[in-house]
Amino acid sequence: MDLHDTICAPATVPGTGAITVIRVSGPESFAVVDKFFRSRRGTLAGAEGYTILYGSLVDPFGEASLEDQFVDDVLVSVFRAPHSYTGEDGAEISCHASAYIATRVLSLLCKAGARLAEPGEFTRRAFVNGKMDLAQAEAVADVISSSSSAAHRIAVTQLKGGYSAELASIREALVEITSLLELELDFSEEEVEFADRSRLRSLLVSASAKVHGLSESFRLGNAIKNGVPVAIVGEPNTGKSTLLNALVGEDRAIVSDIAGTTRDSIEASMVLDGITFRFIDTAGLRESSDWVESKGIERTLKMVGAADIVLALVDPTRSPAEAQQMLASLTARLDFSSQILLVLVNKMDLNKNVKDINNFVSSVDSYGDVVLISALSGEGLDELRSTLVRKVQQRLPGNSDAVLVTNARHHEALRHTAESLDTALRALDAGTPSDLVAQDLRAALHYLGTITGAVTTDEVLGEIFSRFCVGK
Ligand code: GDP
């Protein structure tokens with residue numbers, strides 16, 4: 001891909017608003033637009049950066065009759081390198097939002113010497129021209145797609161460079177350790193140990209802890225970005241589908257009192273207090289005396305494994321033993337270091353029929369926090385919603401600038417970095433020669449470099465930017 005010519009693309013979706021913005025970037029931007037832009041304020045070539053010119057677009061190409069030469073009245077914003085998004089000269093044409101006008105303007109731009117941009121090419125140029133690193137470039141896409149305040153906050157921290165700064169400080173520490181080890185190598189003939197091993201070790205331990213911390217933040221970061229997965233589980237007819245419908249306020253799941261009607265999982269998302277939750281109504285149990293062995297449960301358990309929060313529904317009109325059996329199998333499979341279990345005692349509107357509700361509750365409350373609800377009447381659902389929000393907020397870092405990893409590519413690179421650092425640490429402890437330890441550290445630095453784009457290939461860049469929309 002030629003990254004030095006002049007490109008153009010709509011930055012907004014034509015036809016869905018009042019105006020469409022068409023973006024132009026590259027060394028010939030002003031010359032290209034000046035070929036068909038007429039303004040009393042002169043040409044773009046003569047205009048200063050950060051100014052806006054009002055004028056008309058007229059078609060000087062082809063056979064159009066005089067009246068057909070007029071295309072639109074527009075505003076053109078002028079950006080002068082390096083003070084633009086891409087770091088190049090650029091212009092943004094705001095025209096009326098008609099698909100016809102947008103197509104005509106793009107065609108004028110191409111006739112005048114620009115070409116249509118590839119998806120993500122503007123941001124790719126911003127990265128190539130050093131306006132942002134790769135992690136920040138990826139955050140641009142996350143900011144655009146953020147659908148809740150929590151996801152927006154993480155993306156903005158990443159875009160503003162908070163995450164990159166954290167990576168830079170880890171990188172600095174690793175470079176220092178590596179150079180201390182390599183210094184030793186230069187004098188290896190003399191068998192001198194320059195580097196103080198305990199200092200090296202503590203530097204390495206602290207860098208490794210930071211990398212592990214970032215890597216582990218992915219589960220939560222990913223949940224915040226894409227929605228916290230909440231699995232709704234329980235025996236058939238405990239009210240899972242009714243609960244899902246009550247929570248998301250639409251008939252998303254099919255409710256029925258015939259056991260086993262929820263065939264596959266049904267998902268619905270909603271934002272509560274700035275956090276997106278993805279509720280998953282798992283397949284109910286089929287006839288099987290063994291809760292764990294039955295087929296539906298296999299699938300359920302898979303979803304339970306991927307959930308951050310598990311809502312286990314129990315029905316107090318049924319026997320406490322049945323609820324306990326289900327909760328026992330469930331808790332045996334949960335990882336409480338990253339998963340939360342809430343026991344929902346449902347059908348509280350039928351409470352009068354239950355001889356001893358307190359007894360029932362105390363038979364299940366050792367498995368997790370209990371919330372008493374009625375999915376049918378809505379009782380207790382506000383408490384359930386606020387409990388969900390509170391549980392997630394408790395896991396969010398207190399500091400609003402704290403970095404959470406949300407990108408699977410970064411997570412993968414961080415995992416590799418952590419592995420190389422663990423190997424280096426073991427090698428250091430085993431008294432392995434400095435050059436071999438340094439080799440592990442260089443591997444760690446390589447993986448770290450792939451996140452910010454310090455180390456990258458055209459193939460990786462192509463793959464990342466192809467996921468962007470055209471015009472960004
Ligand atoms: P699922 O198999 O666990 O998904 O259960 P459903 O949501 O299909 O509900 C099974 C039956 O229980 C339906 O007849 C629901 O109307 C009923 N039900 C669900 N929740 C409640 C509740 O809170 N109170 C009462 N009285 N009935 C409920």
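## A walk through the predicted model

The lining of the second largest pocket is made up of 6 nonpolar, 2 polar and 5 charged residues. Keep in mind along the way that this is a predicted model.

**Stop 1: the second largest pocket**

Start by selecting Arg219, Leu220, Asp308, Ser338 and Arg395, which lie nearest the centre of the second largest pocket among its 13 lining residues. The space you are looking into has a volume of about 180 Å³. Now colour helix 8 (197-226) and helix 13 (381-395), the elements that each give two or more residues to this lining. Which of the elements gives the most to the lining of the second largest pocket? Helix 8 does, with 4 residues.

**Stop 2: the largest cavity**

Next, look for enclosed space. Rolling a probe the size of a water molecule over the atoms shows where empty space is left. Over the whole structure, the search turns up 2 cavities of 30 Å³ or more. The largest cavity has a volume of about 60 Å³.

To see its walls, select Glu235, Thr238, Leu313, Val314, Asp315, Arg318, Ser319, Glu322, Ala323, Met326 and Phe360. Try colouring these lining residues by type: 5 are nonpolar, 2 are polar and 4 are charged. Then switch on the cartoon for strand 11 (309-314) and helix 11 (320-333), each of which supplies at least two residues of the lining of this cavity. Helix 11 has the largest share, with 3 residues.

**Stop 3: the seven-stranded sheet**

Now move toward the start of the chain, to an open sheet of 7 strands in the order 3-4-5-6-2-1-7, with mixed pairing. Strand 3 and strand 7 (115-116) are its edge strands, each pairing on one side only. Strands of a sheet pair through backbone hydrogen bonds, either parallel or antiparallel.

Select strand 1 (residues 7-10) together with strand 7: these two pair in the parallel sense over 2 bridges. Zoom in on isoleucine 7, whose bridge partner in strand 7 is arginine 115. Isoleucine 7 also has a bridge partner in strand 2, namely serine 25. Strand 1 and strand 2 run antiparallel and are joined by 4 bridges. Further along the same pairing, proline 10 stands opposite isoleucine 22 in strand 2.

Show the side chains of strand 1 next. In a regular strand the side chains alternate between the two faces of the sheet. Here Ile7 and Ala9 point one way while Cys8 and Pro10 point the other way, and all are buried.

Step across to strand 2 (residues 19-25). Why is strand 2 described as largely enclosed by the rest of the structure? Because 6 of its 7 residues are buried. Strand 2 also runs antiparallel to strand 6 (residues 90-96), with 7 bridges joining the two. For a landmark in that pairing, pick threonine 20, whose bridge partner in strand 6 is cysteine 95.

**Stop 4: aromatic rings**

Show the aromatic side chains, among which there are 3 aromatic pairs. Select tyrosine 50 and phenylalanine 79: this pair is edge-to-face because the ring centres are 6.2 Å apart and the planes meet at 85°. The two rings come from distant parts of the chain, 29 residues apart, with tyrosine 50 in the loop between strand 3 (37-38) and strand 4 (51-58) and phenylalanine 79 in strand 5 (residues 70-79). Is tyrosine 50 buried or exposed? Tyrosine 50 has 62% relative accessibility, so it counts as exposed.

Then jump to phenylalanine 277 and phenylalanine 279, a stacked pair with 6.1 Å from centre to centre and 20° between the planes. Both phenylalanine 277 and phenylalanine 279 are buried.

**Stop 5: charges over rings**

While the rings are still on screen, add two basic side chains. Arginine 23 lies over the face of phenylalanine 122, 5.2 Å from the ring centre. Lysine 472 does likewise over the face of tyrosine 85, at 4.3 Å from the ring centre.

**Stop 6: serine 148**

Finish at serine 148, in the loop between helix 5 (134-145) and helix 6 (149-159). With a relative accessibility of 7%, serine 148 counts as buried, because the cut-off for buried is under 20%. Draw a distance from its C-alpha atom to that of aspartate 273 and you should read 8.8 Å, although the two residues are 125 residues apart along the chain.

Note on methods. Residues numbered from 1 in each chain as written. Predicted model: local features only at pLDDT ≥ 70, side-chain atom pairs only at ≥ 80, totals over all residues. Heavy atoms only, no water. Phe/Tyr/Trp six-rings, centres within 6.5 Å; stacked < 30°, edge-to-face > 60°. Buried < 20%, exposed > 50% of the residue type's maximum accessible area, 1.4 Å probe, protein only. Lys NZ or Arg CZ within 6 Å of the ring centre and 35° of its normal. 1 Å grid on protein atoms, 1.4 Å probe; cavity = no way out; pocket = protein on both sides within 12 Å on 5 of 7 lines; lining within 4 Å. Points joined across faces, edges and corners; volume = space filled by probe spheres on them. Nonpolar A, V, L, I, M, F, W, Y, C, P; charged D, E, K, R; others polar. Pairing = 2+ DSSP bridges.
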